[in-house]
Amino acid sequence: MSCYSDFPFPEDYPNYVPNAQFLEYLKMYANHFNLLKCIQFKTKVCSVTKRPDFTVTGQWDVVTLREGRQESTVFDAVMVCTGLLTHPNLPLDSFPGINTFKGQYFHSRQYKHPDIFKDKRVLVIGAGNSGADIAVEASHVAKKVFLSTTGGAWVISRVCDSGLPWDMVFTTRFQSMFRNSLPTAVVTWWMARKMNSWFNHANYGLVLKDRTQLKEYVINDELPGRIITGRVLIKPSVKEVKEDSVIFSGPPEEQPIDIIVFATGYTFAFPFLDETVVKVENDQASLYKYIFPAHLEKPTLAVIGLIGSLGSMIPTGETQARWAVRVLKGVNNLPPRSVMREEVNARKENKPTGFGLRYSKALQSDYIPYIDELLTYIDAKPNLFSLLLTDPRLALAVFFGPCTPYQFRLTGPGKWKGARNAILTQWDRTIKATKTRTVHESPFPFASLLTVFLVLLVAIFLFCL
């Protein structure tokens with residue numbers, strides 16, 4: 001689910017790729033497409049500014065710093081791909097008494113190895129993915145671990161029904177269509193029921209304070225086990241920090257603490273850009289489709305990855321880049337600036353539609369609808385009705401199966417001839433990664449009848465659209 005759309009992971013890779021292997025994959029990708037010649041490492045971008053004749057040429061002056069030397073270069077277009085997680089958010093002002101704390105405290109970005117927690121009493125503030133991971137790792141060596149959360153979190157396992165990867169089960173076109181056709185209240189209830197099927201979040205102190213708005217899921221297979229064995233204790237927000245302890249709020253409770261880890265997230269900024277180009281306000285930027293500044297006279301600057309999608313960032317950023325490049329080259333055109341500004345302002349209000357999921361932040365977006373919208377602009381969105389007539393087996397896999405990135409290369413510019421086979425064999429590769437011991441199973445006797453039924457079901461659905 002997290003590979004590039006025309007470059008699958010090697011078959012011996014696990015379903016969830018560790019960071020070292022993912023780095024190797026990126027190197028393989030760069031070598032395969034001969035990209036290293038285009039990459040300039042150990043180079044800092046100091047500034048990106050409009051040239052004096054920008055309204056005519058759309059060109060940019062880019063100043064870089066490498067090995068102590070500055071260099072200025074003129075570019076016809078610029079793509080900013082720094083993403084969301086650029087600056088650690090360390091809100092020390094929100095923790096009275098932190099300056100008197102005699103122990104150690106730091107942001108989660110500085111964390112490297114759990115050895116520093118050995119025999120210590122550790123407090124992790126923030127129950128996001130980083131906070132949960134650090135709390136679990138610390139709990140194996142620390143004397144005591146507290147995980148403080150203000151708003152709670154939905155915690156899910158990587159292992160879903162029948163032992164399959166959760167994202168491959170959850171991220172399908174059928175489920176996306178189903179969720180978005182139901183009232184928000186029904187979807188919220190259904191999601192809560194699904195999340196609590198693994199363990200009751202209220203009993204573990206993790207239930208969300210506001211369940212009407214979807215926050216990022218915490219993916220952690222160990223956290224419930226560490227809580228139930230008393231190795232991690234869930235606590236409310238911190239009221240006050242003392243020299244060697246903290247006081248938790250409601251009702252007040254004081255606990256001795258040696259180390260505090262602030263897993264309080266990140267903010268983003270573009271220090272190399274003038275605010276007249278991209279202005280960041282309230283953790284938002286005025287970008288059309290999360291990509292193009294809505295007010296520029298020439299659409300020659302694109303921002304990639306500034307979105308919190310309910311899916312993998314790799315295919316999301318890749319699809320953004322595919323459309324952005326066509327706009328930068330003049331193959332595709334953007335609507336008038338007034339139209340773009342109107343849409344940007346509407347998105348900032350983050351008003352719920354009353355159907356589907358309701359997101360807690362304006363930068364969050366539903367993965368499949370957003371990707372499909374961009375694919376429509378470049379004529380690369382899969383045509384399910386056409387596929388059903390010409391290739392029913394593929395149509396079923398595309399609609400009911402996981403929305404893997406290969407779907408984005410079935411048609412249009414950049415079409416990849418290996419996309420069909422990659423889609424039809426994706427479950428084989430998924431199972432191969434875990435089935436390292438060969439076992440023999442009896443075949444399902446009604447598989448062919450089920451296939452016929454599903455084909456008829458899809459045909460009826462598409463006919464009714």
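# Cavities, aromatic pairs and Thr316

The structure holds 2 cavities of 30 Å³ or more. It is a predicted model. The count of aromatic pairs comes to 31. Thr316 sits in helix 8 (residues 313-328).

**Largest cavity**

- The largest cavity contains about 110 Å³ of space.
- Its lining is made up of Trp154, Thr188, Met191, Ala192, Arg211, Thr212, Gln213, Leu214, Tyr217, Gly356, Leu357 and Arg358.
- By class, the lining residues of the largest cavity divide into 6 nonpolar, 4 polar and 2 charged.
- The charged residues are Arg211 and Arg358.

**Second largest cavity**

- The volume of the second largest cavity is about 30 Å³.
- Phe170, Thr171, Arg179, Leu310, Asp366, Tyr367 and Ile368 line the second largest cavity.
- Here the split is 4 nonpolar, 1 polar and 2 charged.
- Arg179 and Asp366 are the charged residues of this lining.
- Tyr367, one of the lining residues, is also among the residues that Thr316 touches.

**Aromatic pairs**

- By the pairing rule, there are 31 aromatic pairs.
- In one of them, the ring centres of Trp166 and Tyr217 lie 5.9 Å apart with the planes at 90°, so the pair is edge-to-face.
- Trp166 belongs to helix 4 (residues 166-170), while Tyr217 lies in the loop between helix 6 (184-195) and strand 10 (218-219), so the pair ties together parts that are 51 residues apart in sequence.
- Both Trp166 and Tyr217 are buried.
- Tyr217 also helps line the largest cavity.
- For Phe268 and Phe270, the ring centres are 6.1 Å apart and the planes stand at 55°, so this pair is tilted.
- Phe268 counts as buried because its relative accessibility is 6%, under the 20% cut-off.
- Phe270 is likewise buried, at 6% relative accessibility.

**Aromatic cluster**

- One aromatic cluster is formed by Tyr4, Phe7, Phe9, Tyr13, Phe22, Tyr25, Tyr29 and Phe33.

**Thr316**

- Thr316 has a relative accessible area of 0%, so it is buried.
- Its helix, helix 8, spans residues 313-328.
- The Thr316 side chain reaches the backbone oxygen of Ser312 at 2.7 Å.
- Leaving out residues up to four places away in sequence, Thr316 touches Ile307, Ser309, Tyr367, Tyr370 and Ile371.

Conventions:
Residues are numbered from 1 along each chain as its sequence is written. This is a predicted model: local features need pLDDT of at least 70, side-chain atom pairs count only at pLDDT 80 or more; totals for chains, interfaces and linings use all residues. Side-chain values use heavy atoms; hydrogens and water are left out. Helices (H or I, at least four residues) and strands (E, at least two) are DSSP runs, numbered from the N terminus. Buried means under 20% relative accessible area, exposed over 50%, partly exposed in between (1.4 Å probe, protein chains only). A polar contact is a pair of N or O atoms within 3.5 Å; within protein, one must be able to donate a hydrogen and the other to accept it, and residues adjacent in sequence count only if both atoms are side-chain atoms. Contact means heavy atoms within 4.5 Å. On a 1 Å grid over the protein atoms alone, a cavity is a set of points where a 1.4 Å probe fits but cannot get out, and a pocket is an open set with protein on both sides within 12 Å along at least five of seven lines; lining residues have an atom within 4 Å of a point. Grid points are joined across faces, edges and corners, and a volume is the space filled by probe spheres set on the points. Rings of Phe, Tyr and Trp (its six-membered ring) pair if their centres lie within 6.5 Å; planes under 30 degrees apart count as stacked, over 60 as edge-to-face and the rest as tilted.
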